[in-house]
Amino acid sequence: MELKEKLMTQFTNIFKETSDAMQLYFAPGRINLIGEHTDYNGGHVFPCAITLGTYAIARPRTDHNLRFYSLNFEEQGIIETTLSDLTYTPAHNWANYPKGVLWTFMQEGYSITHGMDILYYGNIPNGAGLSSSASIEVLTAYIARDIFNLDFDMRNAALMCQDSENHYNGVKCGIMDQFAIAMGKKNYAIYLDTATLEYKYVPLNLENHTLVIMNTNKQRKLGESKYNERRAECETALKTLQTVTDIQSLGELSLSDFNRYSSVLKDDILIKRARHAVSENVRTAEAVTVLEHNDLIKFGELMTASHVSLRDDYKVTGMELDTLVSTALKQPGVLGARMTGAGFGGCAIALVKADCIDDFIANTGREYLETIGYSADFYIADIGNGPCKL
Ligand code: GLA
């Protein structure tokens, strides 16, 4: 395998060591079909793993040292630490993700008995909302489980990776990304209830249509602070709603219940934020039902309605995502389009008739460039499996 040999050679050149124990691993990225900003509101999500992802060559060491290197951040060089010093270090940059995972495992009482050298290479564009960081986390968890024979399943791995991102990296993300990556299944999407973690795999039968990923190429600079701000707004709305109805999360409300109680919120912004969390959860359940009945037209409409709600009520889209989605929707053969992931830049997805794809990409790309001033990128989404050893 060409990639394997290339990465093995890089590993040897960079770490100046070779060993029979070197292994190649992979973890995917993810797209979310629908159910956005619902996972920290006790709602449903409907993501799938994609074949773009992160590769890593890892080898165990006999001492306690840890060395990390990413071909995506070569300017950072080798990042070194030891098992006894896993404190968060800003200068360690991206390597705080793998460090955080190992730190979390040790907090949970798992026995990590020696160090590792790991070389990472991702073909997911960074900061594009396809979960490159969760991919690194879950990949590290999978590698550590393999090397140290740790006894947990991938569902628990997802939870520990989320915990690590929340408490070690300080991003208050929900469970969606880590779960989708850890539990991905080729040609299936995962319908997950984030309140109970019950899930089912739904076959992604798109007939003669294809999911196209559209990257705005806008880096999400303010993303994390705005993300935490939305989450806080939803928490405030929930607390106020709890004074009039007995609920644990916004995900428990139907739209009619929400409309009955929403006046208690008073603040128009809180009403909009909570309305998105509720309406998006309802749309997600409906999207799964229509997909199971092969109603792609309705599925596309729900995708587009999701974008509108994220744009108008939740305010997490922005000019680049809105331009990409509205341009996409004007093209022949398009059933629906929406942003995917946290928003504020990053990627959108469109459901496009397979024989229209070339024109779709050319026309949407041209109009986006004319309006925004720089290019978008387009990728075909292949729905793939969760982590594996190659
Ligand atoms: C990011 C977070 C997820 C989820 C999405 C929005 O990807 O990591 O937990 O909240 O945003 O749906």
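I sorted the shell around the ligand by residue type: 5 are nonpolar, 3 polar and 4 charged. Ala, Val, Leu, Ile, Met, Phe, Trp, Tyr, Cys and Pro count as nonpolar, Asp, Glu, Lys and Arg as charged, and the others, Gly among them, as polar.

I noted that this is a predicted model, where local features need pLDDT of at least 70 and side-chain atom pairs pLDDT 80 or more, while totals for chains, interfaces and linings use all residues. Numbering runs from 1 along each chain as its sequence is written, and side-chain values use heavy atoms, without hydrogens and water.

I listed the residues around the ligand (a heavy atom within 4 Å). Among them are Arg30, Asp39, Cys173, Tyr227 and Ala342.

Next I looked up polar contacts to the ligand (N or O pairs within 3.5 Å). Asp39 puts a polar side-chain atom 2.6 Å from a ligand oxygen. For Arg30, a polar side-chain atom is 3.1 Å from an oxygen of the ligand. Ala342 uses a backbone N or O atom, 3.5 Å from a ligand oxygen. The ligand alone exposes 310 Å², and the protein buries 93% of that (Shrake-Rupley, 1.4 Å probe).

Then I turned to strand β3, residues 47–60 (strands are DSSP E runs of at least two residues, numbered from the N terminus). Why is β3 largely enclosed? Because 11 of its 14 residues are buried (under 20% relative accessible area, 1.4 Å probe, protein chains only).

I checked its pairing (at least two DSSP bridges). β3 pairs antiparallel with β1, residues 23–32, over 10 bridges. Pro28 stands opposite Gly53 of β3. β3 also pairs antiparallel with β6, residues 116–122, over 7 bridges. There Ala58 faces Ile118 of β6.

How values were computed. Polar contact = N/O pair within 3.5 Å; in protein donor to acceptor, adjacent residues only side chain to side chain. Buried < 20%, exposed > 50% of the residue type's maximum accessible area, 1.4 Å probe, protein only. Helix = DSSP H or I, 4+ residues; strand = E, 2+ residues; numbered from the N terminus.
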